[in-house]
Amino acid sequence: MTTELFNAKTQKENGTQYAGRVIRAGGLVAFPTETVYGLGANGLDGEAVKRIFEAKGRPSDNPLILHVAKKSDVKDLWAHVPNEAKRLMDAFWPGPLTLIFLKSGIVPDEVTAGLGTVAVRMPEHKTALALIRAAGVPIAAPSANISGRPSPTCAEHVLADMDGRIDVILDGGPCEVGVESTVLTLVGRPTILRPGGITREMLEQVIGEVDVSPAVLRPLKEGEAAPSPGMKHRHYAPDARVVVASGSWRKAASIICREYEIEEAMGSRCIILGTEQTRSCYHGMNYDIIGDRDDPATLCAELFSALRRWSGKVDVIFAEAIETEGRGLAYMNRLLRASGFTVLDE
Ligand code: TXA
Ligand code: MG
C-alpha cells in the first residue's frame, strides 16, 4: 500500500475531502489533533476498525475512542447522556477530554473490544473536525503509532511508524498538548483512567469530586483487574532504557549525575532529559532541555518527541520526576510507563 501525504494547510480542502472519502470507503487516515496524531477509520464499520488494530499491531482487547465533530452526536453513541457529561461537554469540548459511558446499539464491538461502554471525544483541532465532518461518521482513532511506541506528535513520527500501512496522512504540523486526552469514566463514580490536558482540578470545578485510578502512577498488581484495558499493555517505550529520578530538582539532578557516571563507565551511551531548572547541573554531560518544571505543559508537549529523538541513539535516557499536580500528573503517568516504572529515589 502507498501512503499518501497531504499538507493540511496548503492542501486543506482537497486533503480533508479526499481523506473523508477514504474513511467512508473503509480506509485508514492519520490526522492531527491538539493532543497527538490519531489513526482513524469509520467508527460505525467493524471491518474498517479491524484494520486499525492490524496496522498498529494493537492487542484486540484494547478499545478505541470515537471522535465526533459536534456535541449532540453523543446521543447516537451512548445509551443516554448523563447530566455530568452534559456539564463536562459544555465546559471542555472541543478539547482533550474523553468521556466513557454506556454504549448504544450502533457502536460495533470492534470499537469497544466487547465492553458495554464506549469512549467519545470531540477534538479541538481544525483539521480533525474538518475530517470528521467530511467523513460524515464518527471516527474511531487510537494514537497513530505502532503499538507500544511513544505516541506521534508530528507527521514525521506517523510516517516513521505507518508508511505503507495506511492510506493517508494529513500533516497539520506539531501537536500542541503532546500527550493524549484525559480519559474519564462516568460509569459509577467519575474516575480518571488516564490523566491528560484537562486536569483533575479542572474537572472537579465542574462536577465536584473526581477519583483518580490508582493504576495511573503505579503498575497493576498481580491479579488486579485493569480499570481500563490500556493499562495492561507496555506503552510509550523508546528503543533505550528509561530511568526516572525522583525528589526535588536538586535531588533528582544529583541522582542522575551519579548514575550517568556509572553508566558511562560501563560504556553505555546516555542522554539526560533536563529542565530549565537543572540545566547547570549537567555541565559536560549529554543533555536535552525539554521544558520547565514549573510549567508541566511544556514538558508534556516535548516528552514523546524527545523519547523518539533519542530512541535507538543511546542506551539510557535519564529523566526527572516532577510534582503530580495539574498537568504534572499526565507527565508522570507517561514518563513512568515509558520507564516501565524504573524509578531511583536516592
Ligand atoms: O488524545 C487522544 O485521546 C488520542 C487522540 C488520537 O484522540 N487518542 C488516543 O487513543 O490516545 P488510544 O487508543 O491510544 O487510547 C485510548 C485509551 C486506551 O488506554 C483505552 O484502553 C482507553 O482509552 N479506553 C477506550 N475505551 C475505553 C472503555 N470503553 N473503557 C475503558 N477504557 C477505554
Ligand atoms: Mg495510544
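# Worked exercises on a two-domain predicted model

Strand 13 (residues 270–274) and strand 15 (residues 316–320) are paired in the parallel sense, over four bridges. Keep in mind that this is a predicted model. That pairing is a handy place to start.

## Exercise 1: Rebuild the sheet around strand 13

Work out the strand order of the sheet, find its edges, and place the helices that lie across it.

*Step 1.* Start with the order. Five strands make an open sheet that reads 14-13-15-12-16, with parallel pairing.

*Step 2.* Now the edges. Strand 14 (287–289) and strand 16 (343–344) each pair on one side only.

*Step 3.* Add the helices. Helix 9 (residues 249–265) lies across strand 12 (241–245), strand 13, strand 15 and strand 16, and runs at about 170° to strand 15. Helix 10 (residues 296–310) lies across strand 12, strand 13, strand 14 and strand 15, at about 170° to strand 13.

## Exercise 2: Profile Ile272

Is Ile272 buried or exposed, and which residues does it touch?

*Step 1.* Locate the residue: Ile272 sits in strand 13, opposite Phe318 in strand 15.

*Step 2.* Check the accessibility. The relative accessible area of Ile272 is 0%, so this residue is buried; the cut-off for that is under 20%.

*Step 3.* List the contacts. Leaving out residues up to four places away in sequence, Ile272 touches Ile256, Tyr260, Tyr282, Met285, Asn286, Tyr287, Asp288 and Phe318. Phe318, the residue opposite in strand 15, is thus also on the contact list.

*Step 4.* Try one distance. Ile272 and Ile290 are 18 residues apart along the chain, and their C-alpha atoms are separated by 9.7 Å.

## Exercise 3: Hunt for disulfides

How many disulfides does a search of the whole structure find?

*Step 1.* Run the search: the count comes back as zero.

*Step 2.* Look at Cys281. Its nearest cysteine sulfur belongs to Cys257 and is 6.3 Å away, and Cys281 is in no disulfide. The cut-off for a disulfide is sulfur atoms within 2.5 Å. Cys281 counts as partly exposed, at 26% relative accessibility.

*Step 3.* Look at Cys300. The closest cysteine sulfur, in Cys175, is 13 Å from that of Cys300, which is too far for a bond. Cys300 has 0% relative accessibility and counts as buried.

## Exercise 4: Walk across the eleven-strand sheet

Follow the order of the eleven-strand sheet, then trace the pairings of strand 9 and strand 10.

*Step 1.* Write down the order: 1-8-2-3-7-4-6-5-9-10-11, an open sheet with mixed pairing. Strand 1 (4–7) and strand 11 are at the edges with a single partner strand each, so one side of each has no neighbour in the sheet.

*Step 2.* Go from strand 5 to strand 9. Strand 5 (residues 97–102) runs parallel to strand 9, joined by four bridges, and Leu97 stands opposite Thr182 in strand 9.

*Step 3.* Place two helices on this sheet. Helix 1 touches strand 1, strand 2, strand 3 (38–42), strand 7 and strand 8, with its direction at about 145° to that of strand 8. Helix 7 (residues 155–162) touches strand 2, strand 3 and strand 8, and makes about 165° with strand 8.

*Step 4.* Carry on to strand 10. Strand 9 (residues 182–185) and strand 10 (residues 191–194) run antiparallel, with three bridges. They form a hairpin with five residues between them, and Gly188 in the turn has a positive phi of about 80°.

*Step 5.* Finish at the edge. Strand 10 runs parallel to strand 11 (residues 211–212) through two bridges. Thr191 is the bridge partner of Thr185 and also stands opposite Asp211 in strand 11.

## Exercise 5: Explain helix 6

Why does helix 6 (residues 126–135) count as largely enclosed?

*Step 1.* Count the buried residues: seven of the ten are buried, so the rest of the structure largely encloses helix 6.

*Step 2.* Name them: Thr127, Ala128, Leu129, Leu131, Ile132, Ala134 and Ala135.

*Step 3.* Identify the cover, which includes helix 1 (12–24), strand 2 (29–31), strand 4 (65–67), strand 7 (139–140) and strand 8 (168–171).

*Step 4.* Check the exit: just after helix 6, Gly136 has a positive phi of about 75°.

## Exercise 6: Size up the domain contact

Find how much area domain 1 and domain 2 bury between them.

*Step 1.* Set the bounds: domain 1 covers 4–216 and domain 2 covers 241–344.

*Step 2.* Count residues in the contact: 24 from domain 1 and 14 from domain 2.

*Step 3.* Get the area: about 1,600 Å², with 56% of it on carbon and sulfur atoms. On the domain 1 side, Pro150, Val179 and Pro195 lose the most area, together 29% of what that side buries.

Note on methods:
Residues are numbered from 1 along each chain as its sequence is written. Chains are lettered from A and ligands numbered from 1 in the order in which they are written. This is a predicted model: local features need pLDDT of at least 70, side-chain atom pairs count only at pLDDT 80 or more; totals for chains, interfaces and linings use all residues. Side-chain values use heavy atoms; hydrogens and water are left out. Two strands pair if DSSP finds at least two bridges between them. Contact means heavy atoms within 4.5 Å. Axes are lines fitted to C-alpha atoms, for helices over the stretch in contact, and angles run from 0 to 180 degrees between N-to-C directions. Buried means under 20% relative accessible area, exposed over 50%, partly exposed in between (1.4 Å probe, protein chains only). Domain bounds come from an automatic or database domain assignment. Buried area is the accessible area (1.4 Å probe) that two parts lose on being put together, summed over both.
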